[in-house]
Amino acid sequence: MGDEGNPQTPRRTTRASLSSTPNPKSSTGKLKSCNLLPLTIHDLAYGDESISFNDLISSLPGRRAQIIELLHLLGPLDSPMFPVFVYGGASTGKTSSILQTFKHLKRPFVYCSCITCYNPRILFESVLNQLLLHRRNESNRYSSTKRCERPSDFVNLLQEALHNVVDSLKGNVEKSSSKKSVGRARGKMVYLIFDNLELAREWDKSSNILPFLFKLYDILKMPEVGLIFLSNASPDTYYSDTGYVEPVPVYFPDYTEDELCQILMKNPKNPKLYSSFLGVVLRPFCRVTRRVDELLTAFSSLYQIYCEPLDDLGIVPNEDMKRKLFSHLQPHIGPSLNETFKVESRLSSEASANTNKWKGIAKKVGVSESSNEIDFHMSACAKYLLICAFLASRNPATLDASMFDSTGGSNNKKRKRFAGGSLLAFELLLLLMHQLVSLKNLYETVILPSWSSEKSKEKKEIAEQELLLKGPGTFPLERLLAIFQCIVSVSECLPDEEAQGDGGLEGESWTNGLLSDVLLELSSLCNANFISKGGSCPLEGANRYRSMVSEAMALKVAKSLKFPLAKYLYRGG
Amino acid sequence: MGVENPAEQGQILLRTRLCNPNFIYTIFSDSPDSNYSKLKYIMSSSVTEACNNSALLLGPRGCGKVAILEMVIKDLLHEYPDTICVIKLNGLLHSEDNCALKEIARQLCIENQLVFSKMASFDDNSQFVIAMLRECGLAHKTIIFVLDEFDLFTQGKQRLLYSLLDAMQSVTSQAVVVGVSCRLDADQLLEKRVRSRFSHRKLLFLPPSREDLQKILQHALLLPTESSLPPQYVAAYNKKLLNTLSDDKFKDIIDSLCNFDATFNHLLRFLFASVCHMDTKSGFLSLDNFKTALSSIQRQPKLEALQVVLDIVTTVVKGALKACLSPEMRRKTYCSILELYILVCLRRLEGKEQETTNFNSVMKEYKDVHNSFQTTDYYARNVCLRAFEHLLQRQLISLVDNRGHSQSVEFRPVRLLISSHELHQGLKAYRSCPAILHKLLDLAV
């Protein structure tokens with residue numbers, strides 16, 4: 001897979017050490033730092049000693065058949081080839097297999113991933129830079145050799161560059177036939193490898209980039225060029241308007257359980273101990289996911305638990321010990337199956353508020369969190385806004401009046417005072433109008449149906465179903481502010497609560513503050529993706545908002561404010 | 001490179017041959033009623049009689065439209081040297097008028113050893129092209145415009161097509177416009193003003209017939225006797241190949257290949273894969289090579305084609321059987337159990353004829369199933385969500401529309417991309433599939 005990247009995170013290093021993924025970018029990066037000799041034609045291939053066929057096969061367990069097929073398709077030295085399309089699920093070793101194969105063959109190639117080259121222009125320039133042996137550095141202000149945005153320019157430049165490369169490779173072959181030397185690129189074919197092609201589908205709906213890439217071989221009309229496409233998605237998901245000339249497909253299936261075991265057993269510190277560990281956990285986890293990357297993250301924390309009772313990690317466990325360890329681990333397997341995808345936070349408790357905020361987002365997206373505490377800082381005003389947005393998204397607008405009247409009615413006066421102090425007059429008016437309209441709706445939705453209980457039950461089910469399908473609703477800004485006003489006025493009459501809240505100190509300033517402060521908080525919530533800002537409604541013209549927070553999260557926030565959220569939540573029917 | 005394995009040399013020769021797009025079409029150059037002869041007649045008349053012409057080459061992808069055109073052009077360049085100038089455009093690259101005109105100007109400059117200015121405006125370029133057309137006409141030099149992916153040039157205002165065809169209305173110019181398209185209705189896409197200036201000569205390119213197929217196979221695979229290869233090897237290879245070609249089992253393979261896609265290109269890819277799998281030790285193409293090639297090359301059948309495929313299975317050799325399992329089914333067999341559960345739940349929801357389904361309704365169904373059958377595989381919501389996302393990534397399910405980007409995945413409506421039949425097949429093929437899933441699926445149907 002093309003998941004080479006930041007080596008700082010633990011996941012990456014484990015993976016890298018497992019598959020020892022050769023990364024052309026990083027290897028050339030190393031070259032850059034140590035010597036700044038101009039690039040030669042040989043830098044298009046792997047510079048170091050080539051690996052033997054047996055090493056190649058053993059370095060990638062479970063991929064023997066696929067590698068042999070690839071070698072067949074690449075063929076002997078200097079044989080032309082049809083474009084090849086390699087596909088298979090994520091984390092099935094596509095990129096590693098291809099790159100290792102080229103390390104074995106030592107043939108010149110150009111590698112581009114659509115992850116790093118995220119638009120056509122960068123992709124084109126990256127290919128050209130590599131072919132023209134251009135290195136972006138300070139002296140050329142990190143610019144590319146050629147500026148090229150359109151496919152038409154790209155084809156012209158590419159043809160030129162390829163002719164040069166092939167010519168110099170040919171000359172090189174003639175020279176090297178007399179004396180063989182290590183570190184030379186073999187053959188006179190150049191291979192272009194495009195990784196993560198599935199991302200290119202999203203680039204631009206109207207653009208012809210994919211048909212163009214698939215047809216590149218026919219357009220170039222150069223037998224010395226081999227094209228290899230790597231993709232997560234199968235060829236049938238690439239069909240476009242009038243189709244394209246299909247490349248030769250090569251399929252990488254997911255790993256089987258045995259193969260996974262081989263991969264995971266590649267270099268643990270204590271193989272015996274680790275294999276007994278795998279014997280316990282691999283089978284249940286295989287039922288959930290077969291992706292190596294996901295399994296590794298899950299296993300790293302489980303293995304620590306597994307080793308807890310041991311003093312000496314180098315021990316060779318006997319049957320008795322295994323049983324003991326298993327009984328120690330067993331209670332942890334079930335829960336961790338349900339949080340396979342938890343991102344382990346290695347942040348210290350003094351982590352800055354900023355990173356904490358990100359964790360909060362991760363949690364909102366779906367990482368389970370066992371504790372009831374929210375572990376990020378947020379001003380009380382923002383928390384109230386979050387709750388208001390949640391309520392506005394979940395509750396039907398028609399119920400606002402009744403929800404907030406039951407408790408808010410008593411301190412109506414207070415609200416008015418408060419509202420008058422800080423809000424613009426038209427919003428107050430709006431609030432009143434809102435209540436009038438909603439009274440009528442309340443009658444229709446709540447009072448009328450309750451006459452016949454059966455009907456209401458049916459309706460309740462339908463409403464529930466609808467809620468499941470539709471998800472959180474959208475709401476205009478005015479509604480959010482109205483609810484905000486009501487809630488704040490309610491919580492204001494509970495004096496003990498303010499002091500304990502997170503924003504206790506600033507409490508005074510924001511309750512009496514300006515509307516603009518509240519709007520500022522809202523916009524930062526939008527930026528953090530807690531609330532999403534949708535397109536404007538064509539009739540009303542104003543932006544509509546939608547809460548992106550899960551119920552569990554909202555309840556947690558409410559709890560931290562001691563706000564009785566459940567009381568205000570409408571549960572259908 | 002000195003003494004080498006003759007088998008390897010032979011393989012390289014075959015690969016070079018197959019990768020050359022024009023090679024296999026050379027056998028069609030002799031017959032008088034072939035597209036080659038017709039096209040050559042049209043184009044050579046324009047060269048010799050100094051008239052303007054236009055033609056459309058239509059036909060499905062991979063039937064050799066461009067290859068035949070190139071052969072014709074090559075022959076004409078050989079027969080009438082220095083009187084032909086070829087300008088090649090591709091709809092994928094030059095569908096924009098401005099860009100196309102620039103490219104024409106660039107190629108004209110190269111052909112005529114002129115200096116091309118990148119900064120020239122659209123107006124400059126169009127005047128230059130018209131001037132060049134006139135000059136060439138006066139010098140009795142024919143300009144051939146090849147417009148590949150012709151249908152893409154008809155998007156937009158068609159200014160390029162109009163100005164080209166309009167310039168050809170004058171007596172002085174001498175040019176041929178050849179459009180190549182895989183859309184059979186390409187001429188209907190033209191605007192009225194363009195269509196009226198276009199001569200409606202259309203050449204239809206079709207996949208090869210059975211007799212042609214046999215000819216092509218021999219033409220492409222037999223090794224030449226007069227080459228650097230050792231003659232004994234060539235003789236042994238050719239004898240073995242002819243034997244294989246006349247084998248009934250081989251004919252079955254070719255039949256199943258053509259049932260999917262009978263175009264030249266598909267055949268070429270099949271032959272390429274066979275040659276790739278050739279055993280370099282013995283150096284012969286065996287029936288097994290063709291079988292493995294078929295299974296590796298076979299396109300993913302469309303859902304409705306699946307039934308046809310299964311019928312073929314019974315007649316075709318056993319080796320081809322694997323090929324008939326669509327990639328989707330093969331993919332599915334490697335899904336984790338949880339993903340299968342989600343698929344089955346989706347299928348059940350489909351069976352209930354619900355209008356829209358999304359992750360939440362699937363979860364509800366999953367919970368119901370769990371409650372009524374007490375399955376062992378019950379996972380938390382976020383694990384299911386991840387499995388759901390895996391399915392989306394594998395394109396076994398897809399989002400119904402691309403609207404509502406602001407919504408999170410859980411709420412966006414999805415659709416199952418495989419039929420219940422395929423799901424059944426997949427479950428059967430999956431050894432460790434829990435029996436409960438079969439039961440659930442049966443209940444749904």
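1. Two residues count as in contact here when their C-beta atoms, placed from the backbone, lie within 7 Å. With that cut-off, 7 residues of domain 1 of chain A are in contact with 9 residues of domain 2 of chain A. On the domain 1 side of that patch, the classes come out as 3 nonpolar, 3 polar and 1 charged residues. Keep in mind throughout that this is a predicted model.

2. The overall scores first. The model has ipTM 0.82 and pTM 0.75. Chain A averages a pLDDT of 73, with 69% of the residues at 70 or above. Chain B averages 80, and 86% of its residues score at least 70.

3. Where in chain A is confidence lowest, and where is it highest? The low end is helix α1 (residues 10-19), at a mean of 34, and the high end is strand β3 (residues 190-195), at 94. Chain A also has a stretch at residues 343-371 where the pLDDT is below 50, and the model still gives that stretch 34 contacts beyond near neighbours in sequence. Residues 495-509 of chain A are below 50 too, with 19 such contacts. In chain B, the pLDDT stays under 50 over residues 301-334, for which the model has 54 contacts beyond four places in sequence. I'd treat those contacts with care: where pLDDT is low, the predicted coordinates should not be read in detail.

4. Now the layout of chain A. The chain splits into domain 1 (15-252), domain 2 (257-337) and domain 3 (380-568). It carries 24 helices and 8 strands, and 35% of its 573 residues count as buried. Taking contacts in chain A between residues at least 6 apart in sequence, 76% join residues at least 24 apart. For a sense of distance, Ala90(A) and Asp311(A) sit 221 residues apart in sequence and 38 Å apart in space, C-alpha to C-alpha. Ala90(A) belongs to the loop between β1 (84-88) and α5 (94-105) of chain A. It is partly exposed because 19 C-beta neighbours fall inside 10 Å, and a residue needs 20 or more to be called buried.

5. Chain B also has three assigned pieces: domain 1 (6-12 + 209-324), domain 2 (31-204) and domain 3 (330-444). Note that domain 1 of chain B is written as two segments. The C-alpha centres of domains 1 and 2 of chain B lie 37 Å apart. Contact between them involves 4 residues of domain 1 and 5 residues of domain 2. The domain 1 side of that contact has 1 nonpolar, 3 polar and no charged residues.

6. On to the nonpolar packing. The largest core has 138 residues, and those touching the most other members are Val86(A), Val110(A), Ile193(A), Leu69(B), Ile144(B), Phe145(B) and Val178(B). Helix α13 (residues 264-276) of chain B supplies the largest share of this core, 9 residues. Leaving out residues up to four places away in sequence, Val86(A) touches Lys94(A), Ile98(A), Ile228(A), Phe229(A), Leu230(A), Val250(A) and Phe252(A). There is also a second, separate core of 44 residues, including Leu273(A), Leu325(A), Val362(B) and Leu440(B). As background, nonpolar side chains tend to be buried together in soluble globular proteins.

7. Which residues of helix α23 (residues 551-561) of chain A are buried? They are Ala554(A), Val557(A), Ala558(A) and Leu561(A). Seen down the axis of α23(A), these buried residues fall within an arc of 100 degrees, so they line one face of the helix. That spacing makes sense because an α-helix has 3.6 residues a turn, so residues three or four places apart point the same way. The cover over the buried residues of α23(A) includes α14 (380-394) and α24 (565-568) of chain A. Just after α23(A), Lys562(A) takes a positive phi of about 60 degrees.

8. Two more backbone spots to check. Most residues other than glycine have a negative phi. Asn529(A) has a positive phi, near 70 degrees, and is found in the loop between α22 (515-527) and β7 (531-536) of chain A. Asn529(A) is partly exposed, with 15 other C-beta atoms within 10 Å. In chain B, Asp82(B) has a positive phi of about 65 degrees, in the loop between α3 (65-79) and β2 (84-90). Asp82(B) counts as exposed because it has 8 C-beta neighbours inside 10 Å, and the cut-off for exposed is 12 or fewer.

Terms used: Residues are numbered from 1 along each chain as its sequence is written. Chains are lettered from A and ligands numbered from 1 in the order in which they are written. Domain bounds come from an automatic or database domain assignment. Ala, Val, Leu, Ile, Met, Phe, Trp, Tyr, Cys and Pro count as nonpolar, Asp, Glu, Lys and Arg as charged, and the others, Gly among them, as polar. Helices (H or I, at least four residues) and strands (E, at least two) are DSSP runs, numbered from the N terminus. pLDDT is the predictor's confidence in each residue, from 0 to 100. The arc is that of the directions from the helix axis to the C-beta atoms. A nonpolar core is a set of buried Ala, Val, Leu, Ile, Met, Phe, Trp, Tyr and Cys residues joined through C-beta atoms within 7 Å.
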